[in-house]
Amino acid sequence: MTLDTADLARLDRAHIIHPYLPGSATERVVMTEGAGCRLTDSEGRSYLDATGGLWLAQVGHGRTELADVAHEQMKKLEYFTSFWEFSNDRAIALAARLASIAPDPLNHVYFTSGGSEGNEAAIKMARYYHHRRGDTDRTWILARDKAYHGIGYGGGSATGFPLYHEGFAPMMPHVSHLTPPWPYRTDLYGGEDPTDFLVRELEERIAEIGPQNIAAMIGEPIMGVGGMLVPPADYWPRVREVLDRHGILLIFDEVVTAYGRVGEWFAAQYFDVTPDIIVTAKGITSGYVPLGALLVGDHVAEVLLRDHGFPMGYTYNGHPVATAVALANLDIIEKEGLLTRATGLGATLHAELQSQLGDLPVVGEVRSVGMMLAVELVADRATRTPLPLNPDRMPHDVIRRETGVIVRDSAHSLVLSPPLIMTEAEAKEVAAALRGVLERTEPTGEIRAA
């Protein structure tokens with residue numbers, strides 16, 4: 001079937017339910033090609049992808065070597081189950097590779113199809129771990145406001161945004177949300193040191209629920225959807241110490257932060273903290289094929305593997321094509337030095353954003369770790385009041401329409417997570433595009449015409 005631009009847009013509106021898009025919206029941007037950091041839509045317009053799709057295009061778009069690997073693997077073995085005693089050579093090789101780059105003792109791997117599945121599995125693992133050890137009352141999960149852990153039942157319940165709960169209730173019981181680490185928002189901590197406040201709150205919540213009732217705490221090392229919130233350096237080490245003291249597992253949701261995004265294979269290494277379980281997805285294949293992987297500590301795996309084993313699995317656990325592509329993707333990241341590049345280019349992009357935007361009244365803060373960046377928008381820099389947003393004329397939409405640069409709106413921040421292969425010239429293009437719109441943005445949220 002050959003479809004022209006009008007047909008594509010019409011059929012999309014008629015048949016596809018898009019996440020977060022109301023039926024009244026008529027605009028469609030239909031992407032048809034990608035190469036490097038660039039995308040092309042059905043009308044031939046070029047875009048600069050500063051979001052990496054959804055935080056995942058580590059090696060960029062259009063890498064033919066990954067397509068070739070998928071093609072060759074499909075010719076050999078396209079799929080067979082990894083349940084029971086069955087496995088495949090690519091899944092085994094990838095598991096060994098992941099264990100070699102993960103912090104010790106995370107030497108066991110459980111495969112999924114993506115991040116939401118991964119967080120579901122991690123929450124079940126934590127509860128089942130304690131159940132198998134006889135601590136059957138340990139069912140509570142600690143999470144945080146502004147957290148995002150996917151859209152499954154468990155992960156969605158741990159997610160700390162009312163939007164993801166409204167209309168889907170009742171959510172999973174025994175989930176408690178804590179204050180997020182958001183140093184820019186000093187009002188959250190009543191003038192106290194943020195880490196001191198957060199650790200005290202954690203201790204008080206544990207005492208309130210009872211440590212003997214809590215299975216795990218789940219947290220993004222850096223909170224992505226919440227606005228790329230970077231915790232103080234001492235936050236995770238102190239949280240880990242508290243959890244260890246009470247026998248509570250720590251789950252790192254690294255669906256966004258893993259595989260070079262922060263300049264390390266895992267953000268756990270960046271913060272020098274070893275969780276009990278790391279949930280990954282997205283960048284493991286740079287989005288070329290859906291895949292996720294949980295990295296599980298030896299002490300947890302030993303318990304899960306007792307008796308009849310861990311009683312849950314997904315149809316595509318250890319999919320041979322996905323794991324083959326993941327191996328090739330990790331090779332590219334390593335051979336092209338993209339971990340180092342994420343640190344260096346991330347610093348360059350941060351400096352460009354600070355230089356271009358630092359004097360604008362609506363820019364409160366530019367923050368970053370590696371190639372995760374955010375520009376927090378405010379109505380008043382002194383009071384740090386969030387910028388009112390007009391849903392019909394959002395800054396990220398205006399930036400895309402006027403300049404072709406794609407950024408993401410998240411919690412009153414413009415969030416950037418470009419492919420790790422972005423050039424310095426492209427970084428400057430991104431910063432200039434943001435300035436061109438934000439310098440016309442009023443404290444009321446209105447954006448003046450160009």
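**Notebook: R367, T280, D89 and the whole chain**

I began with the side chain of R367, which makes a polar contact of 2.7 Å with the side chain of E376. I note at the outset that this is a predicted model, and I read each distance below with that in mind.

Staying with R367, I looked for further partners and found that its side chain is also joined to that of S413 by a polar contact, this one of 3.4 Å. I placed R367 in strand β11, which runs over residues 363-369. Is R367 buried or exposed? I recorded it as buried, because its relative accessible area is 8%, and the cut-off for buried is under 20%. Setting aside residues up to four places away in sequence, I listed what R367 touches, and the list includes W182, Y184, H350 and M372, as well as E376 and S413.

I turned next to T280, which I found in strand β9, residues 277-280. Its relative accessible area is 0%, so I entered T280 as buried. Which side chain does the side chain of T280 meet in a polar contact? I found that of Y259, at 2.8 Å. The side chain of T280 also reaches a backbone atom, the oxygen of A293, at 2.7 Å. Leaving out neighbours within four places in sequence, I noted the contacts of T280 as E254, V255, A258, Y259, F266, G292 and A293.

For D89 I looked up the surroundings in a different way. D89 lies in helix α4, residues 89-101, and I wrote it down as partly exposed, since its relative accessible area is 42%, a value between the 20% and 50% cut-offs. I then took the C-alpha distance from D89 to A6, which is 45 Å for a pair 83 residues apart in sequence.

Last, I stepped back to the chain as a whole, where I counted 14 helices and 16 strands. I compared its radius of gyration, 22 Å, with the value near 22 Å that a compact globule of 450 residues would have, and the two agree. Along the principal axes I found that the C-alpha trace spans about 65 × 60 × 45 Å. Buried residues make up 54% of the chain, and of the contacts with a separation of 6 or more, 72% are between residues 24 or more positions apart. The accessible surface comes to about 18,900 Å², with 54% of it belonging to carbon and sulfur atoms. My final entry concerns charge: the chain has 39 positive and 59 negative charges, and their mean positions are 2 Å apart.

Note on methods: Residues numbered from 1 in each chain as written. Predicted model: local features only at pLDDT ≥ 70, side-chain atom pairs only at ≥ 80, totals over all residues. Heavy atoms only, no water. Helix = DSSP H or I, 4+ residues; strand = E, 2+ residues; numbered from the N terminus. Buried < 20%, exposed > 50% of the residue type's maximum accessible area, 1.4 Å probe, protein only. Polar contact = N/O pair within 3.5 Å; in protein donor to acceptor, adjacent residues only side chain to side chain. Contact = heavy atoms within 4.5 Å. Rg over C-alpha atoms; globule rule 2.2 N^0.38 Å. Areas by Shrake-Rupley, 256 points an atom, 1.4 Å probe, with all protein chains shown as cover. Lys, Arg positive; Asp, Glu negative; His and termini not counted. Charge placed at Lys NZ, Arg CZ, Asp CG, Glu CD.
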